[in-house]
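Reader: I should like to go through this model with you, one topic at a time. Could you take my questions as they come?

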Amino acid sequence: MYFYELHEGDDDIFSDVLLVHEEQFAPEDFFELVQAVRRQVQGSYEDDTLIEAIANELEQEHGFTFVSDARLSASVHVAADEAENRLISLDDEQLERDDYRSLFAEFDADDRSN
């Protein structure tokens with residue numbers, strides 16, 4: 001299995017998705033395939049993001065597997081304090097995946113420029 005990643009955004013705020021394929025693609029070949037699919041779906045996708053639209057198209061037409069939260073079999077919260085470790089429910093009633101998005105941001109507490 002070979003893993004591929006798509007990023008969308010800039011250096012400060014971005015999203016990414018993972019893809020898996022049984023065959024290895026040269027980075028340049030993968031880039032060209034993504035470019036072709038991007039041109040194909042640009043402006044006509046119903047997914048939340050461009051990279052999700054590309055990932056779905058790569059899965060449907062090119063044999064990739066889009067590693068999305070919908071494919072999770074189990075999720076575990078792990079912490080340094082063992083008492084905080086827990087299994088996270090995947091039940092649709094308790095966890096609606098469409099109700100949230102993750103955002104990662106670097107924060108410099110010493111930066112007082114704003």
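Author: What follows is a conversation about the confidence, fold, core and aromatic rings of this model.

Reader: Before the details, what kind of model is this, and how are the residues numbered?
Author: This is a predicted model, in which local features need pLDDT of at least 70 and side-chain atom pairs count only at pLDDT 80 or more, while totals for chains, interfaces and linings use all residues. Residues are numbered from 1 along each chain as its sequence is written, and side-chain values use heavy atoms, with hydrogens and water left out.

Reader: What is the average pLDDT of the protein?
Author: The average is 85, and 82% of the residues score at least 70. The term pLDDT stands for the predictor's confidence in each residue, on a scale from 0 to 100.

Reader: Which elements have the lowest and the highest mean pLDDT?
Author: Strand β4 (residues 75-77) has the lowest mean, 89, and α1 has the highest, 97.

Reader: Where does pLDDT stay under 50?
Author: That applies to residues 92-98. For this stretch the model has eight contacts beyond four places in sequence, a contact being heavy atoms within 4.5 Å.

Reader: Turning to the fold, how many helices and strands are there?
Author: The protein has two helices and five strands, and from the N terminus their order is β-β-α-α-β-β-β. Both kinds of element are DSSP runs numbered from the N terminus: helices are H or I with at least four residues, and strands are E with at least two.

Reader: What is the strand order in the three-stranded sheet?
Author: This open sheet runs β1-β2-β3 with antiparallel pairing. Its edge strands are β1 and β3 (65-67), each of which pairs on one side only. Direction ignored, neighbouring strands are turned by 30° against each other on average.

Reader: How many bridges hold each pair?
Author: β1 and β2 pair over eight bridges, and β2 and β3 over three. Two strands count as paired if DSSP finds at least two bridges between them.

Reader: Which residues stand opposite one another?
Author: Between β1 and β2, Gly-9 stands opposite Phe-14 and His-7 opposite Asp-16. On the other side of β2, Leu-19 faces Phe-66 in β3.

Reader: And which strands does α2 touch?
Author: Helix α2 packs on the sheet and touches β1, β2 and β3, with its direction making about 10° with that of β2. Such angles, from 0 to 180 degrees, are taken between the N-to-C directions of lines fitted to C-alpha atoms, for helices over the stretch in contact.

Reader: How many residues are in the largest nonpolar core?
Author: It has 17 residues, and Leu-6, Leu-19, Phe-30, Ile-54, Leu-58 and Phe-64 have the most contacts inside it. The elements giving two or more residues are β1 (2-9), β2 (14-21), α1 (27-41) and α2 (50-62). The largest share, six residues, comes from α2. A nonpolar core here is a set of buried Ala, Val, Leu, Ile, Met, Phe, Trp, Tyr and Cys residues joined through side-chain atoms within 4.5 Å.

Reader: How much of the protein is buried?
Author: Buried residues make up 21% of the 114 residues. Buried means under 20% relative accessible area, exposed over 50%, and partly exposed in between, with a 1.4 Å probe and protein chains only.

Reader: Now the aromatics: how many pairs are there?
Author: The count is five aromatic pairs. Rings of Phe, Tyr and Trp (its six-membered ring) pair if their centres lie within 6.5 Å; planes under 30 degrees apart are stacked, over 60 edge-to-face, and the rest tilted.

Reader: Why is the pair of Phe-25 and Phe-64 called stacked?
Author: Their ring centres are 5.3 Å apart and their planes lie at 25°, so the pair is stacked. Phe-25 is in the loop between β2 and α1 and Phe-64 in the loop between α2 and β3, 39 residues apart.

Reader: Are those two buried or partly exposed?
Author: Phe-25 is partly exposed at 22% relative accessibility, whereas Phe-64 is buried at 2%.

Reader: What about Phe-30 and Phe-64?
Author: Those rings have centres 5.8 Å apart and planes at 50°, so the pair is tilted. Phe-30 lies in helix α1, so its pair with Phe-64 ties together parts 34 residues apart in sequence. Phe-30 is buried at 9% relative accessibility.

Reader: Which residues form the ring cluster?
Author: Ring pairs link Tyr-4, Phe-25, Phe-30 and Phe-64 into a cluster.
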